[in-house]
Amino acid sequence: MTPKRGPRRRDRHGRGLRGPLAPSHVPMAKSRSERFDDLVLDAVDRLRPRWERQLSAVEFAVEEVPPLSELGDGPSLGSDPIPFGRADAASGQSPASVVVYRRPLEARARDRDMLGAMVHDTVVEQVATLLGLSPETVDPGYDDRR
């Protein structure tokens, strides 16, 4: 009886998984969702110097798609029926939160630069909603990109 071997990683012709394509520390090794998370963190970091005190208790999160409860039934009056994010005020034990939806933003962006700008605008809009301010007050450069 031959000793049992571990799972084979390559087929008998030598064509199979050999290992990662890039080292884990280079940007190419990050998944699309990890790169999106980085864009959200960059947008938040750009707002922190001015709004540090107000944002200290706010949690930022990324979800794939909005829940069905946030989607309208049928055609809506607004130009964009699918939300890019939401802001929830603090209630009880749960802190205030800003949620950004990854898939709707990625579907509308033409390239990575446009995606970064759209993510930043979404974060600014949701923070403005949370603070009860206009987006132009939260980020003075917001109106310049429109």
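This tour moves through the sheet of a predicted model and then to the helices that pack on it.

**The sheet.** Begin by selecting strands E1, E3 and E2, which form an open sheet in that order, with mixed pairing. The edge strands are E1 (59–63) and E2 (85–88), each of which pairs on one side only. On average, neighbouring strands of this sheet are turned by 15° against each other, direction ignored.

**From E1 to E3.** Next, display E1 together with E3 (residues 97–101); these strands run in the parallel sense and are joined over 5 bridges. Select Ala61 to find Val99 of E3 opposite. Then select Glu63, whose bridge partner in E3 is Tyr101.

**From E2 to E3.** Turn to E2, which pairs with E3 in the antiparallel sense over 4 bridges. Gly85 is a suitable residue to select here, with Val100 of E3 as its bridge partner.

**Strand E3 itself.** Now show the side chains of E3. Ser97, Val99 and Tyr101 point one way from the strand, whereas Val98 and Val100 point the other way. Of the 5 residues of E3, 5 are buried, so the strand is largely enclosed by the rest of the structure. Burial here refers to a relative accessible area under 20%.

**The helices.** Add helix H1 (residues 32–55), which lies across E1 and E3 and runs at about 160° to E1. Finally, select helix H3 (residues 112–131), which packs on the sheet and touches E1, E2 and E3. The direction of H3 makes about 25° with that of E2.

Methods
Residues are numbered from 1 along each chain as its sequence is written. This is a predicted model: local features need pLDDT of at least 70, side-chain atom pairs count only at pLDDT 80 or more; totals for chains, interfaces and linings use all residues. Side-chain values use heavy atoms; hydrogens and water are left out. Two strands pair if DSSP finds at least two bridges between them. Helices (H or I, at least four residues) and strands (E, at least two) are DSSP runs, numbered from the N terminus. Axes are lines fitted to C-alpha atoms, for helices over the stretch in contact, and angles run from 0 to 180 degrees between N-to-C directions. Contact means heavy atoms within 4.5 Å. Buried means under 20% relative accessible area, exposed over 50%, partly exposed in between (1.4 Å probe, protein chains only).
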